[in-house]
Amino acid sequence: MPSARWSRQPWPNMSSVSEMPVDADRREEFATRLYGWYRTAGRRFPWRGGRSSAYHILVAEMMLRKTDVRKVEGVYTAFIARYPTVQCLARADERELRDSIRLLGIEDRARLMRVTANIIVSEHAGKVPSTYNALVSLPGIGRYSANAVLCFAYRRDTALVDTNIIRILGRVFSVWSQKARPREDMRLWDVAAGLVPAGHGIRHNRALLDLAATTCTPTKPKCAVCSLNELCDYARCPGRERGSAGE
Ligand code: SF4
């Protein structure tokens, strides 16, 4: 990786040095190894193409929540062919919309998708918002989805924290949440943000998501072939895994 420059102080909300779990050398080694692996092993999806608009990214994020990514691929492509713009989605017949996402078992999200599209058309001149506050004010859009849109559509160096990334943070750096809902633990969000080098947000987040899906899996992680194994706490000492991996 070209010399990584971090966009902010790594853990802005942490007050004591003892709370900083990852020093600069380790962050840089993590990025170098992760991006080296991603260069050859990263996954390809239709919403990752260079022609994807913010609308496309938003649709993908709404479909990907708690669904099987392999099923989303086909459904997404047909969906975008049928509703190529946010205006088309805002005008969609709700029954047809439900049918178009039924394969994913998320037909109940049809109304939410249409309402969201209508708000974007009527309150944002048909453009998916590019600010965090405007995004989280849309129905069904939380911190993760807002940051995903900001990162993948608007190229901001935002962090993502979900069950999968929580697992990687815990295993590699022994950073675990003690909260009942780790995804809402701001300390984890701060740690994740501190790992994103300036200008590398898209690559960083896609690489983490892909590593979690293919290699650092919930059970039987493939540590023997993982590019991170020499700096990963879990690989060096498997018995140390603890804490909650998510919700
Ligand atoms: S070495 Fe093992 S535990 Fe560590 S990141 Fe890789 S797969 Fe996950």
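Here is a short conversation about a predicted model of a single chain and its ligand.

Visitor: Happy to be here! Which kinds of secondary structure does the chain have, and how many of each?
Guide: Welcome! Reading from the N terminus on, the elements run α-α-α-α-α-α-α-α-α-α-α-α. The count for the chain is therefore 12 helices and 0 strands.

Visitor: What share of the residues counts as buried?
Guide: A residue is called buried when its relative accessible area is under 20%. The chain has 247 residues, and the buried share of them is 49%.

Visitor: Let's turn to the ligand. Where does the ligand sit?
Guide: Its surroundings include Arg-171, Val-172, Thr-215 and Cys-216. Also among them are Cys-223, Cys-226 and Cys-232, along with Tyr-234 and Ala-235. As for the space itself, the ligand sits in the largest cavity.

Visitor: Which elements give two or more residues to the shell around the ligand?
Guide: By class, that shell has 1 charged, 2 polar and 9 nonpolar residues. The elements giving two or more residues to the shell are α9 (163-173) and α12 (233-236).

Visitor: How many salt bridges does the structure hold?
Guide: Side chains of opposite charge can pair when their charged atoms come close. One such pair here is Arg-48 with Asp-210, where the closest N and O atoms are 2.9 Å apart. Counting over the structure, the number of salt bridges is 14.

Visitor: How far apart in sequence are the parts tied together by Arg-26 and Asp-233?
Guide: The side chains of these two residues, Arg-26 and Asp-233, meet in a salt bridge at 3.0 Å, N to O. Arg-26 belongs to helix α1 (residues 24-41) and Asp-233 to helix α12, so the parts tied together are separated in sequence by 207 residues.

Visitor: Are Arg-26 and Asp-233 buried or exposed?
Guide: Buried means under 20% relative accessible area. Arg-26 comes to 17%, and Asp-233 has 10%. Both values fall under that cut-off, so Arg-26 and Asp-233 count as buried.

Visitor: Which residue is linked with Arg-26 and Asp-233 in a network of salt bridges?
Guide: Asp-233 pairs with Arg-26 in a salt bridge. The network that links these two also takes in Arg-236.

Visitor: Is Glu-230, the partner of Arg-33, buried or exposed?
Guide: Arg-33 and Glu-230 form a salt bridge with their closest N and O atoms 3.1 Å apart. Arg-33 lies in helix α1 and Glu-230 in the loop between α11 (201-214) and α12, so the pair ties together parts 197 residues apart in sequence. Arg-33 has a relative accessible area of 22% and is partly exposed. Glu-230, at 57%, is exposed.

Visitor: And where do Arg-48 and Asp-210 lie?
Guide: Both Arg-48 and Asp-210 are buried. Their salt bridge links distant parts of the chain, 162 residues apart. Arg-48 is in the loop between α1 and α2 (54-64), and Asp-210 is in helix α11.

Visitor: Now for the largest pocket. How much space lies in it?
Guide: Rolling a probe the size of a water molecule over the atoms shows where empty space is left. For the largest pocket, that space is about 1,200 Å³.

Visitor: Which residues of its lining are closest to the centre of the largest pocket?
Guide: The lining divides into 16 charged, 13 nonpolar and 7 polar residues. Elements that each supply at least two of them include α2, α3 (69-82) and α8 (143-152). Of the 36 lining residues, the closest to the centre are Leu-64, Arg-65, Lys-66, Tyr-144 and Asp-162.

Notes: Residues numbered from 1 in each chain as written. Predicted model: local features only at pLDDT ≥ 70, side-chain atom pairs only at ≥ 80, totals over all residues. Heavy atoms only, no water. Near = heavy atom within 4 Å. 1 Å grid on protein atoms, 1.4 Å probe; cavity = no way out; pocket = protein on both sides within 12 Å on 5 of 7 lines; lining within 4 Å. Sits in = over half its atoms within 2 Å of the grid points. Helix = DSSP H or I, 4+ residues; strand = E, 2+ residues; numbered from the N terminus. Nonpolar A, V, L, I, M, F, W, Y, C, P; charged D, E, K, R; others polar. Salt bridge = Lys/Arg side-chain N within 4 Å of Asp/Glu carboxyl O. Buried < 20%, exposed > 50% of the residue type's maximum accessible area, 1.4 Å probe, protein only. Points joined across faces, edges and corners; volume = space filled by probe spheres on them.
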